[in-house]
Amino acid sequence: MSKTVAIFHATFHPTLGNIVDWSVKASDGKFLYPTHPSDFTLTVILDLNLDNVEFSVLPSGLHLVDSDVVYFTKDGQHGVSIFRRRKTEEHGQRGFRLSALGVLLARSKRPRPWRHVTALKDLVTSIYDRCEEAELTDKHWELARAFFDERKVRRVDNGEWISWSHDLANPTDMNSHPTLHLPHLLRILGPSSLTIYKNVLTRRRILIYTRPPVEAACNLCYAIADSCYEVQSSFPGRSKNPFAVLGMVTLSDLHRLGDVDDSGWIACTTDAIFLEKPACYDLLVDLTHSGPRPEFLVSKAIDPPPQRGPTHRLTSTRFAWSDVKLWNELDSILGRGHDKCCSENDGEPVTPTTASRLGLAWADVWRVYEDACVVCAGLFMGFGGWRPNTNGMGAVALDGDDHLNLSGLGTARTHESSYVRNLGMGIEGRPSGNTSTRAMRRSSAMSWSSGRATVVNASSVDELGIPKMQQALSTNRVDIQAGDEGRRLDHHLRTTLMVLQGFHAHATRQISVLTALLPTSDIVSPRTLYLNPKGMMQLDLSPLSTSDAKHVEWLAREYAEDTHVVIRRGWRDLLGAMLGYT
């Protein structure tokens, strides 16, 4: 387990704002410590700086929820905090106390803050139950000191990653590991999730804009980054540092986003001011979008740059037709991994209202358009190997074995479980009631040929005005029998491992093909690679797509020794590709 170097308590003061009112650091701030995740030379750190960490664990808007889990980073160190909103009658507190108890982890190659979540939740509950509505005093922190002393760093742990089977085998991770949410997040985001995946693969800067609760957005950051973790470890490329997961960022972090090196990063925020700062990131994922899908916006430089005002603008983007082959493979895995997930509203009937039926109608229109794009792209590009599966139904199968090594994967269940809802439970984690068969079939984010359906809640916006799409990413808890729980976890683990294998196989193939297409001359880099339409199709990319051209440029920049790519798209090149010439 990743050891901690500090524990702290942050609270909102009516007149001072966010403050850290209590903290303890490892060994009084003097301990052996690596200077950088890629450099594990031991040095002595004289002090640990916790300045501004209170803004990361108490982001704007968190007062709207009763509890939350916030992942964050401080000077390259990962941390996690548990937020609670407690009722109080104390004068000046406006009816609630807003506070968070968090830990900061030692630097390592593979930090795992989620392993502290369950124990940290129990600690927060114990401390707050003792003080009730009174202010926390020194005697209330005895449990926190004992908790920190047990998990305090005493030696440097590199936190090496061995394999996904090994990484997911820890029983304490079963209910908190963000990567285990990856299959469900893919089901919700649909083919558009591949837009984030390709930006992570090419080490772009990705910002997720959300509203509280923020735990789901933080999970999305870690899960989508893990989709490329293995391939980026196998092909270090131009950037030697790992792809950075920054977690929650606020206005106080605006300056440090520009200081992050070119290894790329992914972060989430609740501050709307970032929407007006497109120069700080390359891709914006807006989870607050009122439609059935998040909105994806790319940041583009204004040419020529203005002398005054913003230098970048946001432009809407969608998944490319060339993404259909990979999505069909993932679609097949997700279909086989279709399992009943968690909901605390199991069996609760839902009666659609007029507004909810209207919301479902708009959702159907979008999904019909999305499914039509998938089908047309498959026909036009010739992607996807269609063959009947063992059940006699059409499906696209991945090459290689479907059964992965799950030895050592525990199925033990902790007493407090937190899961993401799965398909069949509705977008809000409960059955959608009298939804018509046709609407259910069209609500699938997958291809029509798969024959599967995704049940979604009828209304895209609830009575508070919070988009249902964003709420669908939040987590719920449910208690079910241990036997069913063990089988469900085992099934879900297999699905997660197969999804990760699918991403790894796709990325490895693209990088290998690109490397094979490089010129064999002895010219020192930077080199220039001229790609004709046939070369683009070898990479499973469309020669006519501008987004695919950008993707291969970023791919070559990162994994092909900073090679410059020129796409040949003249009429002779396209005609030659159609006739089978090089």
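This is a short dialogue on reading the strands, sheets and helices of a predicted model.

Me: How many helices and strands are there in the chain?

Reply: The chain has 17 helices and 19 strands. The chain holds 582 residues, and 54% of them count as buried.

Me: What supplies the area that the chain exposes?

Reply: About 26100 Å² is exposed, and carbon and sulfur atoms supply 53% of it. Contacts can also be sorted by separation along the chain. Among contacts with a separation of 6 or more, 71% are between residues 24 or more positions apart.

Me: What holds the strands of a sheet together, and in which directions can they pair?

Reply: Strands in a sheet pair through backbone hydrogen bonds, and the pairing is either parallel or antiparallel. Here, one open sheet has five strands, in the order β2-β1-β7-β6-β5, and its pairing is antiparallel.

Me: Why is one side of β2 and of β5 left without a neighbour in the sheet?

Reply: β2 (17-25) and β5 (67-74) stand at the edges and have a single partner strand each, so one side of each has no neighbour in the sheet. On average, neighbouring strands of this sheet are turned by 20° against each other, direction ignored.

Me: Which strand is joined to β6 by nine bridges?

Reply: That is β7. Strand β6 (residues 77-87) and strand β7 (residues 96-105) run antiparallel and are joined by nine bridges. For one residue pair, take K87, whose bridge partner in β7 is F96.

Me: Which strands does helix α2 touch?

Reply: Helix α2 (residues 117-131) packs on the sheet and touches β1 (4-13), β5, β6 and β7. The direction of α2 makes about 35° with that of β6. Helix α3 (residues 142-151) packs on this sheet too, touching β1, β2 and β7. The direction of α3 makes about 150° with that of β1.

Me: What is the order of the open sheet of six strands?

Reply: The order is β9-β10-β8-β11-β12-β13, and the pairing is mixed. The edges are β9 (244-248) and β13 (312-316); each has a single partner strand, so one side of each is without a neighbour in the sheet. Neighbouring strands here are turned by 20° against each other on average, direction ignored.

Me: Is strand β8 mostly covered or mostly uncovered?

Reply: Strand β8 (residues 205-209) is mostly covered, with four of its five residues buried. β8 runs parallel to strand β10 (residues 265-269), and five bridges join the two. In β10, L207 has A267 as its bridge partner, and Y209 has T269. β8 also pairs with strand β11 (residues 283-286) in the parallel sense, over four bridges. There, the bridge partner of I208 is V285.

Me: Which helices pack on the sheet that holds β8?

Reply: Helix α6 is one of them: α6 touches β8, β10, β11 and β12 (295-301), and its direction makes about 150° with that of β11. Another is helix α7 (residues 215-226), which touches β8, β9 and β10. The direction of α7 makes about 170° with that of β10.

Me: How do α6 and α16 lie against each other?

Reply: The axes of helix α6 (residues 193-201) and helix α16 (residues 546-559) come within 9 Å and cross at roughly 30°. Angles under 35 degrees count as roughly parallel, and α6 and α16 are therefore roughly parallel to each other. On the α6 side, K198, N199 and L201 make the contact, and on the α16 side D548, H551, W554, L555 and Y559 do. By class, this contact has four nonpolar, two polar and two charged residues.

Terms used. Residues numbered from 1 in each chain as written. Predicted model: local features only at pLDDT ≥ 70, side-chain atom pairs only at ≥ 80, totals over all residues. Heavy atoms only, no water. Buried < 20%, exposed > 50% of the residue type's maximum accessible area, 1.4 Å probe, protein only. Pairing = 2+ DSSP bridges. Axes fitted to C-alpha atoms, helices over the stretch in contact; angles between N-to-C directions. Contact = heavy atoms within 4.5 Å. Areas by Shrake-Rupley, 256 points an atom, 1.4 Å probe, with all protein chains shown as cover. Parallel < 35°, antiparallel > 145°, perpendicular 65-115°, else oblique. Nonpolar A, V, L, I, M, F, W, Y, C, P; charged D, E, K, R; others polar.
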